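I opened my notebook to record what I looked up, entry by entry, starting with strands and ending with cysteines. The pages below keep the order in which I went.

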Amino acid sequence: MIITGIEMRDTELKGRGMFALHDIARGTVLEVAPVIAMNEADRILLEQTALNNYIFEWGNDSKQCCMALGYVAIYNHSYESNCEYEMDFENNTITVKSIRDVSKGEELTINYNGDWNSHKKVWFEVK
């Protein structure tokens, strides 16, 4: 399920991203996306491909991964994100919702650390 009122657009610095077509209230569910869960062996293989930048750690031990369908993999990272995601291991879904009011035209972002308030460097910033 994806709500109307969001769209994918090209961004100046980050490739593609998701944007609000109208004002969005805090707590709005933007998307409930099914995922394809993969085991540890599959994750090792996927980490060697271009999909590495689009997969999510999955499962309680974080050894598995998943590929989220829908737009989930298109939301860009921000330490000051306006959305968060929640993983539902039992139902194999990821839900994205706004954590503050979002203005029309604003890019919708998530914190790739899984905690919207975390400032831990993400994998593409670690050198």
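Which residue of β2 stands opposite R9? I found that R9 stands opposite G17 in that strand. I also noted that I am working with a predicted model.

**Entry on the open sheet**

I looked at the two strands around this pair, and β1 and strand β2, which covers residues 16–20, pair in the antiparallel sense over five bridges. I reminded myself that strands of a sheet pair through backbone hydrogen bonds, either parallel or antiparallel. Going on from there, I saw that four strands form an open sheet in the order β1-β2-β9-β6, and that the pairing in this sheet is mixed. Its edge strands are β1 (6–10) and β6 (76–77), each of which pairs on one side only.

**Entry on strand β8**

I then turned to β8 and asked which strands it pairs with. Strand β3 (residues 29–38) runs antiparallel to strand β8 (residues 93–98), and five bridges join the two. I picked out A33, whose bridge partner in β8 is I94. Strand β7 (residues 83–88) also pairs with β8 in the antiparallel sense, here over six bridges. In this pairing I found C83 opposite S98 of β8.

**Entry on the hairpin and N92**

Next I followed the chain through the hairpin of β7 and β8, which has four residues between the strands. What caught my eye in the loop between β7 and β8 was N92, which has a positive phi of about 50° although it is not a glycine. I wrote down beside this that most residues other than glycine have a negative phi. Is N92 buried, exposed or partly exposed? Its relative accessibility is 31%, and N92 therefore counts as partly exposed.

**Entry on the cysteines**

Last, I asked how many disulfides the model has. A disulfide is a covalent bond between the sulfur atoms of two cysteines, and the cut-off I used asks for two cysteine sulfur atoms within 2.5 Å. By this rule I counted zero disulfides. Why does C65 not form one? The closest cysteine sulfur to that of C65 is in C66, at 7.0 Å, and this is too far for a bond. I also checked how accessible C65 is, and because its relative accessibility is 0%, C65 counts as buried. For C83, which I had already met opposite S98 in β8, the relative accessibility is 0% too, so C83 counts as buried.

Terms used: Residues are numbered from 1 along each chain as its sequence is written. This is a predicted model: local features need pLDDT of at least 70, side-chain atom pairs count only at pLDDT 80 or more; totals for chains, interfaces and linings use all residues. Side-chain values use heavy atoms; hydrogens and water are left out. Two strands pair if DSSP finds at least two bridges between them. Buried means under 20% relative accessible area, exposed over 50%, partly exposed in between (1.4 Å probe, protein chains only).
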